[in-house]
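I opened a new page for this model and kept my notes in the order in which I looked things up. Each entry is short.

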2 protein chains.
Amino acid sequence: MCQLLGMNANTPTDVMFSFAGLACRADEHKDGFGIAFFEDRGLRHFIDHHSARTSPVAELVKRYPIKSDNVIAHIRKATQGRVALENAHPFVRELWGRYWVFAHNGDLKDFRPRLHGAFRPVGDTDSERAFCWLMQELAKSHAGVPSVAELTRTLAELLPQPARHGTFNVLLSNGQALWARCSTHLHALERRHPFGAAQLADEDLSVDFAALTTPGDRVAVVATEPLTTGEPWSAFAPGELRVFRGGCAVA
Amino acid sequence: MCQLLGMNANTPTDVMFSFAGLACRADEHKDGFGIAFFEDRGLRHFIDHHSARTSPVAELVKRYPIKSDNVIAHIRKATQGRVALENAHPFVRELWGRYWVFAHNGDLKDFRPRLHGAFRPVGDTDSERAFCWLMQELAKSHAGVPSVAELTRTLAELLPQPARHGTFNVLLSNGQALWARCSTHLHALERRHPFGAAQLADEDLSVDFAALTTPGDRVAVVATEPLTTGEPWSAFAPGELRVFRGGCAVA
C-alpha cells in the first residue's frame, strides 16, 4: 500500500512539514515518490523512482519552500506495475486547458475499462489506467471546466465504478479544489485561526503554525494516516468523497 | 528570444555540462527555465519561472546527474505570455500512451488555429498554442505511435505551417527520438569515439568526455548557439528539420 498526502489552502502555503512527515514513512514505501504543486494554473511536478528518504529530488522538496494552494503527494510501495519512473504517482493530464493531478492508494483487480478517448496510460499501473478512464469520462460529461460543485456531482457518480474493483483511496486536483475519496484509509485536518503547534507522529519534528500564519489563513491537509499528534484529524467513512476549497471542506 | 537545448544519446547520459552552458546565458533570459528528461517512457519535468541562474530547481539539475537518452531544455525571455509557471517551456502532453515534450524559440504572429481536438493550452503563449495544434494534427494523422520515419514525414508537413507566422525554432521528443526544426538559429553537434575535451563558450568550465564515456557512446546536442568552443558544431539551414536517434542524425 502507498501513502497519500493532499493540501488545499486559501493562500499559497508550503508543505515542507507535512511532506517531511510523509517522507519519514518512506522506509516501507521505497518504490518511488512524487509531489505536484499547483501555482494558480501552473504546475510543478516532481517524481522519482527512488525512495523519498534518499532521493535528491525529495531533498529539494524538503528544503525549498514552494508555496502552493493545491498539493498532491504520494509515496509508493509497488503492487501493480514495475518500479519505474513512468509508474510514479501523481499522474498528470491536461483537460479543458487545465492540468489535472491524480494519486491513488490501493489496488484494483480486473479494472480494464475501454479507453476510447484521448487519454492513454504511459506506464502499466492500475492507477494510471483508472485516471485515464476518469479523465475520459469527465471529458464526456462536460463541454468545458464546470463549477467545482458540478464536478463534485460528476465525480460522485464516477469514482464508485473503479472502487468496485478494489481499494480506491484517491486524491484529485485541477488547481481549483482538492477532491479526496476514501475506500479504506483517509484522514483530514483543517487548520485555521487560532493556530497552534503540531508534532509529527513519526519523527521528532514540530512546528508552531502561529508563527508562520496570518489569522485569515485556512489550510486543509488530507493523508492516509494522521501525520501529527495533538490535532483533530477526522477519519473518512468508506465511500466518502470530500472536496476542499479555500482550505475548507465544502458541501 | 529564448534559448533551446536538446540532447539525444544512445545510452543514458547526464546533461549537466551542457545545461551549465545554457544556464550561464540566463542573465538575459531571466523569465523562467525548464528541462525535461526522458528515462525510457518515463519523464522528469522541472520548470521554474525564476531564472536558471538563481532557481533552486536549476541548482538541483546542475548538481544531480540525471541520466537520460532524450532531454529538452529551455531558458525563457518572455515575448508573448506573462512570466508565470504555466508559460514555462518545455510543455508536456500525452498522446498514444507516450509523453511528448516541446520547446520553442521565437515568436509567432497571429497563429490562432482552430483547436477542436483534445489539446488545449493552459497558459497564454503562442508556443503552447502551436504545440497543442501540433499534437491535435499528429493525433489525426496516425492511429497510434508511428515509426520515427513516419513521424518525421508527418512533422515535415506540419511544422512549416506555424513557421509561416514567424520564428519557429523547435525541439520535440517523445522519448524515442529528438526532432529539431530551425527557422533562424539552431546548431547541432555529435560526439562519438574518440572523445576529447570541451570548453564552454561562455564560462570557465571544461570537461574531458574521454574520461566519462565508453567507445560505443554517441551523443547529439542541439542548441540555439554553439555551447562549446573547439568542437565541430553544424548550423541548421532555415527550414531544416533534423531527427536524432541513438545519438546520431538519421534520415
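The entries below go from the two chains to single strands and residues.

**Entry 1: the two chains**

I noted before anything else that this is a predicted model. I then superposed chain B on chain A, and the fit took a rotation of 180° with 0.0 Å of shift along its axis, at an RMSD of 0.0 Å. That is the relation of a two-fold axis.

**Entry 2: where the chains touch**

I looked up the contact between the chains and found 25 residues of chain B in contact with 24 residues of chain A. On the side of chain B that touches chain A, at least two residues each come from β3, α2 (56-63), β5 and β6 (98-108). I wrote down β3(B) as the element that gives the most, with 4 residues. Sorted by class, this side of chain B has 12 nonpolar, 4 polar and 9 charged residues.

Do the copies meet through the same surface or through different ones? I found that 96% of the interface residues of chain B are also interface residues in chain A, so the copies meet through the same surface.

**Entry 3: the nonpolar core**

I looked for the largest nonpolar core, and it has 138 residues. Those with the most contacts inside it are Leu171(A), Val222(A), Leu171(B) and Val222(B). I took Val222(B) and listed what it touches, leaving out residues up to four places away in sequence. The list for Val222(B) is Gly6(B), Leu171(B), Leu178(B), Ala180(B), Leu186(B) and Ala188(B).

**Entry 4: strand β8 of chain A**

Next I turned to strand β8 (residues 178-181) of chain A and asked which residues cover each face. Leu178(A) and Ala180(A) are on one side, Trp179(A) and Arg181(A) are on the other, and all of them are buried.

I then followed the partners of β8(A). Strand β7 (residues 166-173) of chain A runs antiparallel to β8(A), and 4 bridges join the two. In this pairing, Ser173(A) has Leu178(A) as its bridge partner. The hairpin of β7(A) and β8(A) has 4 residues between the strands, and there Gly175(A) takes a positive phi near 90°.

β8(A) also pairs with strand β15 (residues 241-245) of chain A, in the antiparallel sense and over 4 bridges. Here Trp179(A) has Val243(A) in β15(A) as its bridge partner. As a reminder to myself, strands of a sheet pair through backbone hydrogen bonds.

**Entry 5: a sheet in chain B**

I recorded an open sheet of 3 strands in chain B, in the order β11-β10-β13, with antiparallel pairing. Which are the edge strands? They are β11 (206-208) and β13 (228-229) of chain B, since each pairs on one side only. Strand β10 (residues 197-200) of chain B is joined to β11(B) by 3 bridges. Across this pairing, Ala198(B) stands opposite Val207(B).

**Entry 6: two helices in chain A**

I looked at how helix α1 (residues 16-23) and helix α2 (residues 56-63) of chain A pack. Their axes are 8 Å apart and the angle is about 145°. From α1(A), the residues in contact are Met16(A), Phe19(A), Ala20(A) and Ala23(A). They meet Ala58(A), Val61(A) and Lys62(A) in α2(A). I sorted the residues of this contact into 6 nonpolar, no polar and 1 charged.

**Entry 7: backbone angles**

Most residues other than glycine have a negative phi, and most peptide bonds are trans. I searched for exceptions.

Asp40(A) is not a glycine, yet it has a positive phi of about 60°. It sits in the loop between β2 (33-39) and β3 (42-48) of chain A. Why does Asp40(A) count as partly exposed? I counted 16 C-beta neighbours inside 10 Å, and a residue is buried only from 20 and exposed at 12 or fewer. In chain B, Asp40(B) also has a positive phi, near 60°.

I found a cis peptide bond from His89(B) to Pro90(B), with omega near -10°. Pro90(B) is in the loop between β4 (67-75) and β5 (91-95) of chain B. Another cis peptide bond runs from His193(B) to Pro194(B), with omega near -5°. Pro194(B) is in the loop between β9 (187-191) and β10 of chain B.

**Entry 8: one loop residue**

Last, I checked Asp204(A), in the loop between β10 (197-200) and β11 (206-208) of chain A. Asp204(A) counts as exposed because it has 7 C-beta neighbours inside 10 Å. Its C-alpha atom is 9.8 Å from that of Gly21(A), although the two residues are 183 residues apart along the chain.

Note on methods:
Residues are numbered from 1 along each chain as its sequence is written. Chains are lettered from A and ligands numbered from 1 in the order in which they are written. This is a predicted model: local features need pLDDT of at least 70, side-chain atom pairs count only at pLDDT 80 or more; totals for chains, interfaces and linings use all residues. A nonpolar core is a set of buried Ala, Val, Leu, Ile, Met, Phe, Trp, Tyr and Cys residues joined through C-beta atoms within 7 Å. Two residues are in contact if their C-beta atoms, placed from the backbone, lie within 7 Å. Axes are lines fitted to C-alpha atoms, for helices over the stretch in contact, and angles run from 0 to 180 degrees between N-to-C directions. Ala, Val, Leu, Ile, Met, Phe, Trp, Tyr, Cys and Pro count as nonpolar, Asp, Glu, Lys and Arg as charged, and the others, Gly among them, as polar. Two strands pair if DSSP finds at least two bridges between them. Copies are superposed by least squares on the C-alpha atoms of residues with pLDDT of at least 70 in both.
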